[in-house]
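Grab a coffee and open the viewer. Here are some exercises to work through, each with its solution.

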Amino acid sequence: MRAHAVWVIYASILAALLFTLLPLPLDWRGFRPDVAALALFYWVLALPHRVGVATAFTVGVTQDLIEGAPLGLSSPGLMLATLLLLYNYQRIRQFDLLQQSLAILVLMLLSAGIEQWLRNGIDVPSAPWAAVAGMICSMLFWVPTRTVLRHFRRYYEVY
Amino acid sequence: MSWIFSQPNKTGDWGSVIKPLFLKQNLISARFIVLTLLCLSILFIFREHPRVTAVQRGAVDVVAFTSNIVVAPFDAWDRLLESMRSRNALRDEVLRLQQENRVLKGQAQRLASLLSENARYKALLNSARDIEDELIAAQISSVSPDPARHLVMLDKGAADGVEEGQPVLGVEGLIGQIVLVDENNSRALLITDSAHALPVQVNRSGLRAIAEGSGDIDRLVIRHLAATTDIKAGDLLVTSGLGGRFPHGYPVARVTDVEIAAGDAFAVVSAAPASALDRGRHVLVVAQSSQFEGAAAP
């Protein structure tokens, strides 16, 4: 099974990571939707044979480098969410958009929860409760992200 | 190790042309476990390992460069607005700045005489230390996207003489310290980050304390001060110089609130940073402090 146009996957995840760099006022940073994780989750759902745990690891490490956080802080949560998606992608693909969004919210909470746990373990300040609002923003961004990326996947025939 | 990053179809297990209906779950779990252990070992064991910190340092310039590109359109828009300001507004600002300059010059006159007086005393005491600190002017180019942290990117790095641990000054006082330095950029941790604490002194009474970051950009907290301590709202907190990282005498914050609950042994003191941390982009890095010359680096 040969790969086709895989660069679209990495380009879209990279673009999503650049979204993190857009300036926001200090107190609004918590509301920024985690588009990089959404893009990752989309590609795991769409092409589970291409994008998996190793990609999640790379996305997490890149996020840590962008944030200036200790290396390895974001990866475990993202990897666990990816693992759950890999085991359940056939089911989640059948969900309607609301159910999918809620599933994504649960995955976001899970991965953020693991990150908080690690932060407490190594004495890095943990996120304020306002960060939950950011996850709800992420959930609201699931449908647009999915629609745009699906368009790209079909247009460039990524498989 | 290559099996971690190779695609499942390359293992020969699903080498057919037909898309597999079920993924090879053992392989996925194995990857997950190996990579999770890798993350945990970096976090808990090798966090201070030279190679790990080298990766973090090396990323600073790349992140700063990329974020400058992302921010460029916003900056251009700001500059466009700036260039369209009216003549009158500009004239008012020039007048205001001239006024401010006159006041500052007046104060500097006094400072000059005080400095020379101080130098004479130092000479009398046979101490050959310089009076002035060496400063590097820098700009805050971006803020870390992590909402839990107060980490900023500065546009000066090792090439300009910036080193880890150096204090960073705002317009009106201390705002943070350098934590990660790359060739041309560096990251600074602000004093309000909840992982930051610094030794301070009440300017009025000389009382020493530790000012901790609260996680709010406009608030520092002092705990563990006896309820009977002489400290009140309006007191200026300056760096005490203890600990050997921040030179003595830079303004840090002004006490806003002293809360003493009845029956409690300790007061909870809140203070507002002297320099507004979320405003203004121009900062100064104290490259070399006369106070610590000859002392071992902290």
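The exercises below go from helices to strands to a couple of backbone angles, and the model they use is a predicted one.

**Exercise 1. Work out how H5(A) and H6(A) meet: at what angle do their axes cross, and which residues make the contact?**

Step 1. Find the two helices: H5 covers residues 97-121 of chain A and H6 covers residues 131-155 of chain A. Their axes come within 9 Å and cross at roughly 145°.

Step 2. Now for the hand of the crossing: H5(A) passes H6(A) in a right-handed one.

Step 3. List who touches whom. H5(A) brings A:Leu97, A:Gln100, A:Ser101, A:Ile104, A:Leu105, A:Met108, A:Leu109 and A:Ala112, and H6(A) brings A:Ala131, A:Met135, A:Ser138, A:Met139, A:Trp142 and A:Val143.

Step 4. Sort that list by class, and you get eleven nonpolar residues, three polar ones and no charged ones.

**Exercise 2. Take H5(A) on its own: how far does it reach, and what do its buried residues pack against?**

Step 1. Go from the first C-alpha to the last: the 25 residues of H5(A) reach 36 Å, close to the 36 Å expected at 1.5 Å a residue.

Step 2. Pick out the buried positions, which are A:Ala103, A:Ile104, A:Leu107, A:Met108, A:Ser111, A:Ala112, A:Ile114, A:Glu115, A:Leu118 and A:Arg119.

Step 3. Look at what surrounds them. In chain A, the buried residues of H5(A) pack against H2 (35-46), H4 (75-94) and H6, and in chain B against H2 (25-44).

Step 4. Check what comes after the helix: A:Asp123 follows H5(A) and has a positive phi, near 60°.

**Exercise 3. Do the same for H3(A): which of its residues are buried, and against which helices do they pack?**

Step 1. H3 of chain A runs over residues 53-67, and its 15 residues reach 21 Å, close to the 21 Å expected at 1.5 Å a residue.

Step 2. The buried set is A:Val53, A:Thr55, A:Ala56, A:Phe57, A:Val59, A:Gly60, A:Val61, A:Gln63, A:Asp64 and A:Ile66.

Step 3. In chain A, these buried residues pack against H1 (7-19), H2 and H4, while chain B contributes H2 and H3.

Step 4. Past the end of H3(A) you'll find A:Gly68, with a positive phi near 75°.

**Exercise 4. Describe the contact between the chains: how many residues does each chain put in?**

Step 1. Count by chain: 46 residues come from chain B and 42 residues from chain A.

Step 2. Ask which elements of chain B take part. H1 (2-5), H2, H3 (50-83) and S1 each supply at least two residues of the side that touches chain A.

Step 3. Split that side of chain B by class, and it holds 28 nonpolar, ten polar and eight charged residues.

**Exercise 5. Trace the barrel in chain B: in what order do its strands run?**

Step 1. Walk round the six strands of this closed barrel, in the order S1-S2-S5-S4-S3-S12, with antiparallel pairing. The twist averages 45° from one strand to the next.

Step 2. Zoom in on one pair. S1 (residues 134-143) and S2 (residues 151-154) of chain B are antiparallel over three bridges, and B:Val143 has B:Val152 in S2(B) as its bridge partner.

**Exercise 6. Look along S7(B): which side chains are on the buried face, and which strands pair with S7(B)?**

Step 1. Follow the alternation over residues 208-213. B:Ala209, B:Ala211 and B:Gly213 point to one face and are buried, whereas B:Arg208, B:Ile210 and B:Glu212 point to the other and are not.

Step 2. S6 (residues 197-202) of chain B pairs antiparallel with S7(B) over five bridges, with B:Leu198 opposite B:Ala211. Five residues lie between the strands of this hairpin, and B:Gly206 has a positive phi near 80°.

Step 3. S8 (residues 220-226) of chain B also pairs antiparallel with S7(B), over two bridges, and B:Glu212 stands opposite B:Val221. This hairpin has six residues between its strands, with B:Gly215 in the turn at a positive phi of about 95°.

**Exercise 7. Two non-glycine residues have positive phi: is A:Glu157 buried or exposed, and how about A:Ala5?**

Step 1. Locate them. A:Ala5, with phi near 55°, is in the segment before H1 of chain A; A:Glu157, at about 50°, is in the segment after H6 of chain A.

Step 2. Count neighbours. A:Glu157 has 9 C-beta neighbours inside 10 Å, so A:Glu157 counts as exposed. A:Ala5 has 14 other C-beta atoms within 10 Å and is therefore partly exposed.

Methods: Residues numbered from 1 in each chain as written. Chains lettered and ligands numbered in written order. Predicted model: local features only at pLDDT ≥ 70, side-chain atom pairs only at ≥ 80, totals over all residues. Axes fitted to C-alpha atoms, helices over the stretch in contact; angles between N-to-C directions. Helix = DSSP H or I, 4+ residues; strand = E, 2+ residues; numbered from the N terminus. Left-handed = near helix turned anticlockwise from the far one by under 90°. Contact = placed C-beta atoms within 7 Å. Nonpolar A, V, L, I, M, F, W, Y, C, P; charged D, E, K, R; others polar. Expected span 1.5 Å × (residues − 1). Buried ≥ 20, exposed ≤ 12 C-beta atoms within 10 Å, placed from the backbone. Pairing = 2+ DSSP bridges.
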